[in-house]
Amino acid sequence: MKVSTDNKLMYLKVVERIKEEIRQKKLLPGIKLPAEPEFAQYLGVSRATLREALIVLESENIINRIHGIGTFVKGHALIESGIEEMSSITEMIVQNGHTPGTSLFLQELIDADEESKAHLNLQDHEKIIFVKRIRTANDEPVIYCVDKLPAQLLRKDFRFSEESLFIDLKKEAGIEIDYAISHIESLGYHPEISEALQCDHSTSLLILKQLHFDKRNRPILSSVNYFRADKFNFTVIRKRK
C-alpha cells in the first residue's frame, strides 16, 4: 500500500505506515524488511524518504539495522504516550489497554541527600520518604521508579499503596500534582536496573527525570524513572511560536 500525501512530512507518514503494518501483523517481529529500492517502491516514496523513516524507527527500537546484513523488525512499542501529557505511570499503562502492577516496592524514611535538599527546598535536619518500585504492564516489568518527597507532607505512619503516588498524595494530604519540569535521556545497559527489568545487553533505557510541583508551586516529588526503550514510545508535539 502506497503512503498517502498531505501536509505532513512524508517520512513521518512512512513511519506511521510501517507501524500500522506491524500492528496488523503484516510485518512480524524478526522479519527482514525488503531491500531499500524494493521497499521504497512498495511504499511509493523515494529512497531518501524511506531512509529518514528508518532512522526514526530505529531510534524508537522498532527496527534493528545491521550493516551489511539488512533491516529487521523488532516489534511495536507496548506503551505509547505523549511526553507532554501529565499522567501517572498507572494512568499511562491503563490508557494503553494494559493491567498495571508492581513487582517490587520499598519505602524508607531517610535523611535528605544534598540533591533532594536542593530540589525540594529542604533544610539540613529534614527527612525524605524514599520510594523504589518496579512497575509492570500485564505482569511484565517495564519501569524502574525512584521517588523522593518531603516527609513532612505526610503523617509518620503513612504507607504508599503499590500503585499511583499521585492518587495517594491527593487522598492522604490533599496534594494535587499540577505540573512537572522534565528531562529525558538515554542509557545503555545498567547491571542493576537492566537486570531488574529483565533487559538483555542490547536493550537501552530511557530515563525520565522529573520535579513535580503542586498548584501552589511547591516542589513536591522528585522522580527518576527508567523505562525499557523497547516497550515505550514517547511522542512530543512541537509548534512554532
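The chain contains 7 helices and 10 strands in this predicted model. The C-alpha trace spans about 65 × 40 × 30 Å along the principal axes. The chain has 241 residues, of which 45% count as buried. Among contacts with a sequence separation of 6 or more, 58% are accounted for by residues 24 or more positions apart. The accessible surface amounts to about 13,700 Å², and carbon and sulfur atoms make up 50% of that area. Charged side chains number 34 positive and 36 negative, with 5 Å between the centres of the two sets.

Helix H2 comprises residues 36-43 and includes Phe39. Three residues of H2, namely Phe39, Ala40 and Leu43, are buried. These residues lie on the same side of H2, because the arc they cover around the axis is only 100°. Glu38 and Gln41, on the other side of H2, are exposed. The packing partners of the buried residues of H2 are helix H1 (10-23) and helix H3 (47-59). Gly44 follows H2 and has a positive phi, near 75°.

Within H2, Phe39 has a relative accessibility of 4% and therefore counts as buried. With residues up to four places away in sequence left out, Phe39 touches Ile18, Leu33, Pro34 and Leu50. Of these contacts, Ile18 falls within the residue range of H1, and Leu50 within that of H3. The C-alpha atoms of Phe39 and Leu50 are 8.1 Å apart in space, while the two residues are 11 positions apart in sequence.

A one-sided arrangement of buried residues is also found in helix H6, which covers residues 165-173; here Leu165, Phe166, Asp168 and Leu169 are buried. The arc covered by these four residues around the axis is only 165°, so they are placed on the same side of H6. The buried residues of H6 pack against strands: S5, S6, S7 (177-187), S8 and S9 (219-228). The buried set of H2, by contrast, packs against the helices H1 and H3.

Two of the strands that pack against H6, S5 and S6, are joined by a loop in which Asp139 is found. Asp139 has a phi near 70°, a positive value in a residue other than glycine. The relative accessibility of Asp139 is 72%, so this residue counts as exposed. A positive phi also occurs at Asn121, which is not a glycine and for which the angle is about 55°. Asn121 is placed in the loop between helix H5 (114-120) and strand S5 (127-137). Asn121 is exposed as well, with a relative accessible area of 56%.

No disulfide is present: a search of the whole structure finds 0. For Cys145, the closest cysteine sulfur is that of Cys199, and the 13 Å between the two sulfur atoms is too far for a bond. A disulfide would require the sulfur atoms to be within 2.5 Å. Cys199 is likewise in no disulfide, and the nearest sulfur to its own is that of Cys145, 13 Å away. Both cysteines are buried: Cys145 has a relative accessible area of 0%, and Cys199 has one of 9%.

The position of Cys145 falls within the range of strand S6 (140-150), whereas Cys199 lies in the loop between helix H7 (191-196) and strand S8 (205-214). Apart from residues up to four places away in sequence, Cys199 touches Tyr189, Ser194, Leu205 and Arg228. Among these contacts, Ser194 falls within the range of H7 and Leu205 within that of S8. Arg228, another residue touched by Cys199, falls within the range of S9. Lys170 is 29 residues from Cys199 along the chain, and the C-alpha atoms of the two are separated by 34 Å. The position of Lys170 is within the range of H6.

How values were computed. Residues numbered from 1 in each chain as written. Predicted model: local features only at pLDDT ≥ 70, side-chain atom pairs only at ≥ 80, totals over all residues. Heavy atoms only, no water. Buried < 20%, exposed > 50% of the residue type's maximum accessible area, 1.4 Å probe, protein only. Contact = heavy atoms within 4.5 Å. Areas by Shrake-Rupley, 256 points an atom, 1.4 Å probe, with all protein chains shown as cover. Lys, Arg positive; Asp, Glu negative; His and termini not counted. Charge placed at Lys NZ, Arg CZ, Asp CG, Glu CD. Arc of directions from axis to C-beta.
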